[in-house]
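Visitor: I should like to learn how to read the features of a model of this kind. May we go through them one at a time?

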Amino acid sequence: TMKRLFSASHSSVDSKEMKKFQLLAHKWWDEEGEYSALHSMNDIRVPFIRDTLLNMSSNYHLGNPLSGVKILDVGCGGGLLSEPLGRLGASVTGIDPLEDNIRTADQHKSFDPVLAKRIQYKSSSLEEIVEECMETFDVIVASEVVEHVADLEMFIKCCSQVLKPEGSLFITTINKTQLSYVLGIVVAEKITGIVPEGTHEWEKFVPPEELERLLESNGFSVKTVNGMLYNPLSGSWSWMESTSINYAMHAVKSGAQGQSSPADAPSELESEQPLATAGTTM
């Protein structure tokens, strides 16, 4: 059944989306180029992942806070998020269906011997690694990915399969609102060119309510939903309360039956979360 469910004929990879990113595969590490907004997103998405995980754990490793944590970076592109997570001590596996992206990521990590040991990249879809990686990872990161997949529910089912019980799933994506269409496509792609034209299809944007419903129905408990705002003038990201444009979500896979998950207890994150949005204005 598992083989049938995740066979290549039922892939979440969208071939049209792959063609878009094929053209830009060599530009991932140009901080002033087409992926500049993703580079600056690290300023908030990396601390969000790090601090959430540290608040759920009692094991601290000074200098390498994520030491011993196995992370799967799905749709890793050129490794923009894999590398900072590796620098925090995590053991990172980055997968991407585009071989050119993986070549770029491999080449870039090779400049740092420490990262070369901590990060491995593989040209693969999520479905293709399900059987060999059942309940392998402590954390899955899917940043700016779910708005490009062909079958979102299958994607989430696959995430659940390769994630350990009580493991964490981090997603950042774009809401499906009139505002996100105006700012995310008309302004970002057509007017300012911050994002290459044609990168996004508004029809594939995912409202947080829909994503939360899919996660909850597939054995996840959603813990945090934070709005994100990009300022094209400063080229920087900040947290905000509204999720009307971009948002980040953290969900935890349910533990073994009969066991309560430590994530079900009130976490320090919940008490600290207002700090992330405090002082941020629209």
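**Reading the sheet, a helix and the ring pairs**

Guide: Let us begin with one pair of strands: S6 (residues 220-231) and S8 (residues 246-253) pair in the antiparallel sense over eight bridges. Helices (H or I, at least four residues) and strands (E, at least two) are DSSP runs, numbered from the N terminus, and two strands pair if DSSP finds at least two bridges between them. This is a predicted model, in which local features need pLDDT of at least 70 and side-chain atom pairs count only at pLDDT 80 or more, while totals for chains, interfaces and linings use all residues. Residues are numbered from 1 along each chain as its sequence is written, and side-chain values use heavy atoms, with hydrogens and water left out.

Visitor: Which residues stand opposite each other in S6 and S8?

Guide: Strands of a sheet pair through backbone hydrogen bonds, either parallel or antiparallel. Here Val222 has Ala251 of S8 as its bridge partner, and Asn226 stands opposite Ala248 in S8. S8 is also joined to S5 by seven bridges, again running antiparallel, and there Phe170 faces His250.

Visitor: In what order do the strands of the sheet lie?

Guide: The open sheet has eight strands in the order S3-S2-S1-S4-S5-S8-S6-S7, with mixed pairing. S3 (119-123) and S7 (236-240) stand at the edges with a single partner strand each, so one side of each is left without a neighbour in the sheet. On average, neighbouring strands are turned by 20° against each other, direction ignored; axes are lines fitted to C-alpha atoms, for helices over the stretch in contact, and angles run from 0 to 180 degrees between N-to-C directions.

Visitor: Is S8 mostly covered or left open?

Guide: In a regular strand the side chains alternate between the two faces of the sheet. In S8, Asn246, Ala248, His250 and Val252 point one way and Tyr247, Met249, Ala251 and Lys253 the other, and all are buried (buried is under 20% relative accessible area, exposed over 50%, partly exposed in between, with a 1.4 Å probe and protein chains only). S8 is thus mostly covered, with eight of its eight residues buried.

Visitor: Which strands does helix H10 lie across?

Guide: Contact means heavy atoms within 4.5 Å. H10 (residues 208-216) lies across S5, S6 and S8, at about 155° to S6. Helix H8 (residues 152-162) lies across S1 (70-74), S4 (137-143), S5 (163-174), S6 and S8, and runs at about 145° to S5.

Visitor: Where does helix H3 bend?

Guide: The bend at a residue is the angle between axes fitted to the seven residues ending there and the seven starting there. H3 bends by about 40° at Asn42. Of its 20 residues, 16 are buried, so H3 is largely enclosed by the rest of the structure. Ala37 is found in this helix and, leaving aside neighbours within four places in sequence, is in contact with Ile194, Tyr230 and Trp237.

Visitor: How many aromatic pairs are found in the whole structure?

Guide: Rings of Phe, Tyr and Trp (its six-membered ring) pair if their centres lie within 6.5 Å; planes under 30 degrees apart count as stacked, over 60 as edge-to-face and the rest as tilted. The search finds four aromatic pairs. One of them, Trp28 with Tyr35, is stacked, at 3.8 Å centre to centre and 0° between the planes. Another, Phe48 with Phe170, is edge-to-face, at 5.7 Å and 85°. Phe48 lies in H3 and Phe170 in S5, so this pair ties together parts that are 122 residues apart in sequence. Ring pairs link Phe48, Phe170 and Trp239 into a cluster.
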